[in-house]
Amino acid sequence: MTQLALVIDLNVCVGCHACVTSCKQWNTSGSAGPLVDDQPYGADPTGTFFNRVQTFEVGEFPNTQTVHFPKSCLHCEDPPCVPVCPTGASYKRQEDGIVLVDYDKCIGCKYCSWACPYGAREIDEERKVMTKCTLCVDRITDTKLPVAERKPACVLACPTNARLFGDVHDPDSVVSQAIRERAGYALMPEWNTRPANHYLPRRRTEIPVHAEDLVRVDNPLKIDGSQPEPPHHGAGREDFAT
Amino acid sequence: MNPAFSVVFLTTLIGAGQGLFLALFLAELMGFGAGTPGEHALLAASGAVALVFTALGLFASVFHLGRPERAWRAAAMWRTSWLSREVIALPAFMGLVFAWSVAHWFGSAATLWIGWLTVLACLALFVCTGMVYASIRFLQEWASAFTLVNFTLLGLASGFLLATALAAYAAPEWAGNFGLLAFVFTVAGGISRGLSLQRNARLKPKSTLQSAIGIRHPKIAQRSMGFMGGSFNTREFFHGRPAGLLRQIKWMFLVGAFVLPLLLLALGLVNGVPGLLALAFVVQYLGLLAERWFFLAQANHPQNLYYQVVS
C-alpha cells in the first residue's frame with residue numbers, strides 16, 4: 001500500500017521560507033478557495049498556512065547550532081485526528097495515505113485540531129472549516145502536468161533540495177533510502193501516531209587536513225634540494241594511498 | 001487550551017439537567033407521583049426544567065461550530081468519535097425527558113419504563129461528554145478516569161441541588177431527601193475534583209522540545225516560530241492568562257462550587273428557607289462555570305512546544 005510522505009533534511013534546510021510561500025501560493029489559488037489572510041497589512045495580521053519554518057538554537061554558546069525546522073502535517077499512519085471527527089470530514093485516503101479534510105462536510109468544531117499533538121491543523125476563519133496540508137493532492141495527481149512537476153509545491157520550491165517526496169512504503173524509493181541510510185526519524189514517537197513524514201538529522205561536516213597531506217616525502221619539488229627540506233618523519237598517509 | 005465558553009456552558013448546563021432528571025426519577029421510584037395528580041404535574045413541570053437546561057446547553061454548543069448549519073452531519077461517525085456519540089446521546093436524552101414529562105402530565109402509566117430508558121440515555125450522555133475530553137491521550141490533564149467521574153459527580157451535585165431548591169418551593173417534604181443527596185454528591189465531587197487537581201499537579205509532560213523536533217540535546221531554545229502575527233495555533237491552544245490568575249480561579253471554584261453551596265444548603269435545610277437553597281444552586285452553578293473553565297484551561301497541549309517565541 002502506498003504512503004506518500006515528505007522527508008525533510010535538517011542538514012541542508014537554510015530556513016529561507018520558500019516552502020512556506022510556495023505552499024501558500026499554490027493552496028490559496030486552488031479550487032478549494034483562498035486561504036484566509038486577515039489584515040495582512042494591519043497591526044495584527046493573521047492567516048492560514050499549511051507549512052511553517054521554525055528556528056531553534058541547540059546547545060550553549062559558543063557551541064550552538066541553528067536548526068531550521070519546517071513543520072507541516074505529518075500524514076500519520078495512525079492519525080489521531082481522523083477517528084475523532086464526528087462527521088467523517090477528516091479521512092485518510094486508502095490509495096496513497098494522505099490525510100485530508102472534506103471541506104463540504106466539516107462543521108468547524110475544531111475537535112480534530114485538539115487531537116493533533118503537532119498542531120498541524122489550522123481553522124480557516126473565513127470558510128469556517130478545518131484546513132491542513134494536502135501534500136498538494138491536486139498537483140501530484142494531475143496527469144496534465146509533466147511527471148517531474150507532479151510533486152508538492154514546497155518540494156519544487158526548495159532551493160537546497162531539503163525536501164524529498166515519495167512513497168515511504170516502497171523500500172526502493174528515494175525517501176525510504178534516505179530514511180534508512182541517514183537515520184530518518186519521526187516526531188513525538190511517544191504518542192505512537194507513526195508519522196509518515198520523517199526528518200533527517202544534522203550531520204557533522206568536517207574536512208580533515210593532516211600534516212602528511214601537505215608534506216609528501218616523495219615530493220619531487222624537494223628532491224632536487226633547491227627548496228629547504230622539512231624534517232622527515234618517515235612515510236606519510238599519502239604514501240599509502242594506493 | 002483556550003477555554004471556549006460554548007463548551008463551558010454546554011457541559012455545565014447539560015450536567016445540571018441530567019442530575020435534575022435523575023433526582024426526579026429517583027423520587028418517582030421512591031413513591032412521589034403515585035398519589036395525587038398534583039404530584040404528576042409537578043414531576044412534569046420539573047422535567048420541563050431539566051429539558052430547558054439541556055436545551056440551553058445544546059444552544060450554547062452551536063456557538064462552538066464554524067458551520068452550525070451542517071451540525072446534523074455530526075451524528076455520522078458514532079463508531080469512532082466520542083463527540084459524535086455525544087451528539088446522538090444529547091438529543092436522545094432530551095427526547096426521552098420530554099416523553100417522560102408528557103407521560104407524567106397526562107398521568108400515563110408508561111412513565112416508569114420511559115424513565116428507565118431516560119436513565120440509560122442520561123448515563124450514556126455522562127460517559128460520552130467525559131470521554132470527549134478523556135479520550136485525547138496527549139492532553140494528559142484530561143486523559144484520566146477523573147474526567148468522567150468529575151463530570152458525572154458535579155452534574156449530579158448541581159442537578160440534585162436544583163431539585164432541592166425546586167422541592168423547597170413546591171413539595172417541601174422532599175427537600176430534605178434531595179438535599180441530603182445533593183450534600184453527598186457535592187462532597188464526593190469535591191473529593192474527586194481535589195484528587196484530580198493533585199494528580200494533574202504531579203503530571204510530567206510526555207512530550208518535550210527534544211521529542212518535538214527530534215534532537216537529543218538538553219539545551220534547546222526556540223528562536224522563531226516562523227511568523228510574527230498570530231495564528232490559530234497561538235490562539236486555540238493556550239489561555240494566555242498568567243499562572244496567578246489560574247491559581248485564583250482554582251480557589252474560586254473550590255470555594256464557589258463546593259464550600260459555599262454546602263454551607264448554604266445546610267443553612268437552608270436546617271432553617272427551612274427556600275431562598276437559601278435557590279441561592280446555593282446559583283452559587284454552585286457559577287462555581288462550576290469556573291471549574292469547567294479551569295478544567296479546559298489547565299490542559300497543556302503538546303503543540304504549544306512549537307509556538308513559544310515569536311522571533
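In this predicted model, strand β1 of chain A, which covers residues 4-9, pairs with β10(A) in the antiparallel sense, and five bridges hold the pairing together on paper. One of the places where the two strands can be followed residue by residue is Leu6(A), whose bridge partner in β10(A) is Phe165(A). The pair belongs to an open sheet of three strands, in which the order is β10-β1-β11 of chain A and the pairing is mixed. The edges of this sheet are formed by β10, residues 163-167, and β11, residues 198-200, of chain A, each of which pairs on one side only. On average, and with direction ignored, neighbouring strands here are turned by 25 degrees against each other. A helix accompanies the sheet: α5 of chain A, residues 174-181, lies across β1, β10 and β11 of chain A and runs at about 115 degrees to β10(A).

It helps to set this sheet within the whole of chain A, which has seven helices and eleven strands. Of the 242 residues in chain A, 41% are buried. If one takes the contacts in chain A between residues at least 6 apart in sequence, 56% of them join residues at least 24 apart.

A single residue can show what such figures look like in one place. Phe49(A) sits in the loop between β3, residues 46-47, and β4 of chain A. Is Phe49(A) buried or exposed? Phe49(A) counts as buried, because 22 C-beta neighbours lie inside 10 Å, and the cut-off for a buried residue is 20 or more. Leaving aside residues up to four places away in sequence, Phe49(A) touches Val20(A), Lys24(A) and Glu122(A). Thr21(A) is 28 residues away from Phe49(A) along the chain, and the C-alpha atoms of these two residues are separated by 8.9 Å.

The loop that holds Phe49(A) leads to β4 of chain A, and this strand has partners in both chains. Within chain A, β4(A) and β5(A) run antiparallel and are joined by ten bridges, and together they form a hairpin with two residues between the strands. In this hairpin Arg52(A) stands opposite Lys71(A), which belongs to β5(A). Across to the other chain, β4(A) is joined by four bridges to strand β1 of chain B, residues 220-224, and these two strands also run antiparallel. There, Glu57(A) has Ala221(B) in β1(B) as its bridge partner.

This cross-chain pairing raises the matter of the contact as a whole, to which chain A gives 45 residues and chain B gives 46 residues. Which elements give two or more residues to the side of chain A that touches chain B? They are β4 (51-60), β5 (63-72), α2 (111-114) and β8 (122-124) of chain A. Among these, β4(A) supplies the largest share of that side, with nine residues. Sorted by class, the side of chain A that touches chain B contains 26 nonpolar, nine polar and ten charged residues.

Chain B can be approached through the packing of its helices. Two packed helices are described by the angle between their axes and the distance between the axes. Helix α1 of chain B, residues 5-29, packs against α4(B) at an angle of about 150 degrees, with the axes 10 Å apart. That angle makes α1(B) roughly antiparallel to α4(B), because angles over 145 degrees are placed in that class. The crossing of α1(B) and α4(B) is left-handed. Among the residues that meet here are Ile14(B), Phe21(B) and Phe25(B) in α1(B), and Val119(B), Leu125(B) and Phe126(B) in α4(B). The contact of α1(B) with α4(B) divides into eight nonpolar residues, six polar residues and one charged residue.

Helix α4 of chain B, residues 111-134, also packs against helix α5 of chain B, residues 145-170, at an angle of about 140 degrees and with the axes 8 Å apart. This angle makes α4(B) oblique to α5(B). Is the crossing of α4(B) and α5(B) left-handed or right-handed? The crossing of these two helices is right-handed. Its contact includes Phe126(B), Val127(B) and Met131(B) of α4(B), together with Leu148(B), Phe151(B) and Gly155(B) of α5(B). By class, the contact of α4(B) with α5(B) has seven nonpolar and five polar residues, and no charged ones.

Definitions and conventions
Residues are numbered from 1 along each chain as its sequence is written. Chains are lettered from A and ligands numbered from 1 in the order in which they are written. This is a predicted model: local features need pLDDT of at least 70, side-chain atom pairs count only at pLDDT 80 or more; totals for chains, interfaces and linings use all residues. Two strands pair if DSSP finds at least two bridges between them. Axes are lines fitted to C-alpha atoms, for helices over the stretch in contact, and angles run from 0 to 180 degrees between N-to-C directions. Two residues are in contact if their C-beta atoms, placed from the backbone, lie within 7 Å. Ala, Val, Leu, Ile, Met, Phe, Trp, Tyr, Cys and Pro count as nonpolar, Asp, Glu, Lys and Arg as charged, and the others, Gly among them, as polar. Angles under 35 degrees count as roughly parallel, over 145 as roughly antiparallel, 65 to 115 as roughly perpendicular and the rest as oblique. A crossing is left-handed if the near helix is turned anticlockwise from the far one by less than a right angle, and right-handed if clockwise. A residue is buried if 20 or more other C-beta atoms lie within 10 Å of its own, exposed if 12 or fewer, and partly exposed in between; C-beta atoms are placed from the backbone.
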